[in-house]
Each structure stands twice: as structure tokens, then as C-alpha cells.
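User: Could you take a look at this one with me? I have a few quick questions about it.
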Amino acid sequence: ALLVPDSRANKRGDKPREIDLEINFKDQYRLLTVVINPIFDKKEKHLGFLLICEDSTDRRAEESRKNLLLKLKSIGQMHAGISHQINSPLLYIRVNSQTISRYLVELENSYLKFKAYLDGLPDGERKKIARETWGVYAADQFEKKLQNALEATQMIEEGNQQVMEVVKAMREFFHPGNTQMEACDINELLT
């Protein structure tokens, strides 16, 4: 390749110019860094240029690897922060969901005992107690709402568990204390 320097590079104090060229050497592409320095005499007459060439393929590849490692380290640190921000509310959701579910089961058991008691009464008395006890709601409406509430708490728990599994998989993938390379299944993280 013919390098024609910029004509403005004819003043003392100009910074060297650096050009990267990709060349094919023995069927391999290599990165050649060329530094162009203007040369002047004592009277500041431009005499020409000094070209310094370096095969910078390996150095640049190492720089790229270091940059990639820094990015991965940053992603790992970001993961730790995100995991913490996700896990804290998930814990509250899980504990409260389990508590509500337990209360609903206790309420359902109490209702079933009360219903069995009512079923043992004569018709007239059962209807009177049911009206006084339930007010606007009929027993079947109560049963339906109770069942819906139990199903809702179960769905909350299942969703919470799925998110916790994602966070766990991310922790396994980005474990910050692990300096050894290990095989992992990235598809497992994405499912």
C-alpha cells in the first residue's frame, strides 16, 4: 500500500499519525499499525517521513480480550445488584402469599365445618341462619370466591418460583468468585 501523508503534516510539533492496515500474510489476516512521523532539519525544513510499522494483531487481540473480561465483570456486578433488587421483593411476596394461602385454607376449613353444621339442621332453621350469617352472599358465591382466592395465591407462588429460578440460574452463570472457566448451558438460562 502506498501511504501519502497529509500535506498539513509539514510543521514541527505535528503529532505522528497512526494508521491501521489489515494485510494478508501467509493466508492469515494481520493488523499492521503504521506510525508516520514527519522529519525536519534544524532550519525546520521538511525532509520527509519516518515510518514505523508494527504487527499489532496479538496486542489488539489481547486488548479485546481484556475489554471483554471487563465487560463480563461489569455484567456480573450488575447481575448481583439486579438479583438483590429482585430477590428482596420476591421474598416479601412469597412470605405474604404463603401466609394468605394458609389463612384461606383455615377459612375454607371453618366454612366447611359451618356448612356441615347447617346441613344437619332442619330446612327452615338452616335458611334463617344462612340469611343471618351470609347476608348478601349466598354460600355458593362464598365457595367460588374462596376457591378463586386459593387459585390466585397458588399462581402468585408459581410465578414467584419461576422468577427465583431465573435469578438462581443467573447467579450460577455470573458467579463473581469463580475465576475458573466452566462449561455451562446458556439455553438453560434462557428457558
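User: What joins the side chains of Arg94 and Glu157?
Analyst: In this predicted model, the side chains of Arg94 and Glu157 are joined by a polar contact of 3.1 Å.

User: And which residues is Arg94 in contact with, leaving aside its neighbours within four places in sequence?
Analyst: Apart from those neighbours, Arg94 is in contact with Glu157, Asn160, Gln161 and Met164. The C-alpha atoms of Arg94 and Ile156 are separated by 7.9 Å, although these two residues stand 62 residues apart along the chain.

User: Is Arg94 buried or exposed, then?
Analyst: Arg94 falls in between and counts as partly exposed, because its relative accessible area of 24% lies between the limits of 20% for buried and 50% for exposed.

User: Where does Arg94 lie?
Analyst: Arg94 lies in helix H1, which spans residues 57-119 and lies across E1, E2 and E3, running at about 110° to E2.

User: Switching to those strands, what order do they take in the sheet?
Analyst: The three strands form an open, antiparallel sheet in the order E1-E2-E3, with E1 and E3 (46-55) as the edge strands, each pairing on one side only. Neighbouring strands of the sheet are turned by 30° against each other on average, direction ignored.

User: How many bridges between E1 and E2?
Analyst: Strand E1 (residues 17-25) and strand E2 (residues 28-40) pair over nine bridges in the antiparallel sense; among the bridge partners, Ile23 is matched with Arg30 in E2, and Phe25 with Gln28 in E2. The hairpin of E1 and E2 has two residues between the strands, and Lys26 takes a positive phi near 50° there.

Note on methods: Residues numbered from 1 in each chain as written. Predicted model: local features only at pLDDT ≥ 70, side-chain atom pairs only at ≥ 80, totals over all residues. Heavy atoms only, no water. Pairing = 2+ DSSP bridges. Helix = DSSP H or I, 4+ residues; strand = E, 2+ residues; numbered from the N terminus. Axes fitted to C-alpha atoms, helices over the stretch in contact; angles between N-to-C directions. Contact = heavy atoms within 4.5 Å. Buried < 20%, exposed > 50% of the residue type's maximum accessible area, 1.4 Å probe, protein only. Polar contact = N/O pair within 3.5 Å; in protein donor to acceptor, adjacent residues only side chain to side chain.
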